[in-house]
Amino acid sequence: MQIVSVKKRLEAPAATVWKIISEGGGVDRWLPIIASCRLDGDGPGARRACTTVRGQHLDETIETVDHACRVFQYRIDRQEMMPVVNLLGTLHVAEHGTGLADRSCGSSTTTWSTRRQATPSAQAS
């Protein structure tokens with residue numbers, strides 16, 4: 001099992017970032033590699049179908065939408081981009097800093113991480 005994590009500071013309040021992410025759809029509005037995104041359902045169990053700018057498809061299931069902790073998880077059920085299986089993506093949104101004294105008022109930190117396993121053919125390479 002491999003874990004990859006990326007942390008990014010955004011110049012937007014955590015509540016604003018969380019509202020966009022927690023909706024589950026519209027990934028094409030904030031992730032440049034995604035050309036289109038369709039959401040069927042709402043909350044955990046909802047299905048998301050995305051297409052990349054290269055025409056590759058991802059079928060996903062929303063696993064967790066935790067408003068109190070601002071954690072959003074999705075499982076990629078089918079994808080054509082990487083030789084991996086069992087991919088679980090997690091987005092965590094947090095306030096950044098404590099206010100005007102450190103010039104970070106209104107900013108947030110978003111952490112994206114994935115847990116994934118290489119396919120048997122990729123492991124043999």
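Here is a walk through the empty spaces in this structure and the residues around them. Keep in mind that the model is predicted.

A handy starting point: rolling a probe the size of a water molecule over the atoms shows where empty space is left. Let's begin with the largest pocket, which comes out at about 740 Å³. It has 31 lining residues, and the ones closest to its centre are Trp30, Leu31, Tyr74, Leu91 and Trp112. If you sort that lining by character, you get 20 nonpolar, 6 polar and 5 charged residues.

Which elements supply at least two residues each to the lining of this pocket? On the helix side, look at H1 (14-22) and H2 (27-30). The strands that do so are S1 (2-10), S3 (47-52), S4 (57-66), S5 (71-79), S6 (84-95) and S7 (108-118).

Trp30 is worth a second look. This residue sits in helix H2, and it counts as partly exposed because its relative accessibility is 35%. Trp30 also turns up on the surface, in a nonpolar patch of about 550 Å². Its partners there are Ile20, Leu31, Ile33, Val53, Met81 and Met82. Leu31, then, belongs to the patch and is also among the residues closest to the pocket centre.

Now for the closed-off space. There is 1 cavity of 30 Å³ or more, and the largest cavity holds about 30 Å³. Around it you'll find Ser22, Glu23, Gly24, Leu39, Gly41, Asp42, Gly43, Ala46, Ile62, Val65 and Phe72. That lining splits into 5 nonpolar, 4 polar and 2 charged residues.

Key: Residues numbered from 1 in each chain as written. Predicted model: local features only at pLDDT ≥ 70, side-chain atom pairs only at ≥ 80, totals over all residues. Heavy atoms only, no water. 1 Å grid on protein atoms, 1.4 Å probe; cavity = no way out; pocket = protein on both sides within 12 Å on 5 of 7 lines; lining within 4 Å. Points joined across faces, edges and corners; volume = space filled by probe spheres on them. Helix = DSSP H or I, 4+ residues; strand = E, 2+ residues; numbered from the N terminus. Nonpolar A, V, L, I, M, F, W, Y, C, P; charged D, E, K, R; others polar. Patch = residues over 30% accessible without salt bridge, like charges linked within 9 Å, V, L, I, M, F, W, Y side chains within 5 Å. Areas by Shrake-Rupley, 256 points an atom, 1.4 Å probe, with all protein chains shown as cover. Salt bridge = Lys/Arg side-chain N within 4 Å of Asp/Glu carboxyl O. Buried < 20%, exposed > 50% of the residue type's maximum accessible area, 1.4 Å probe, protein only.
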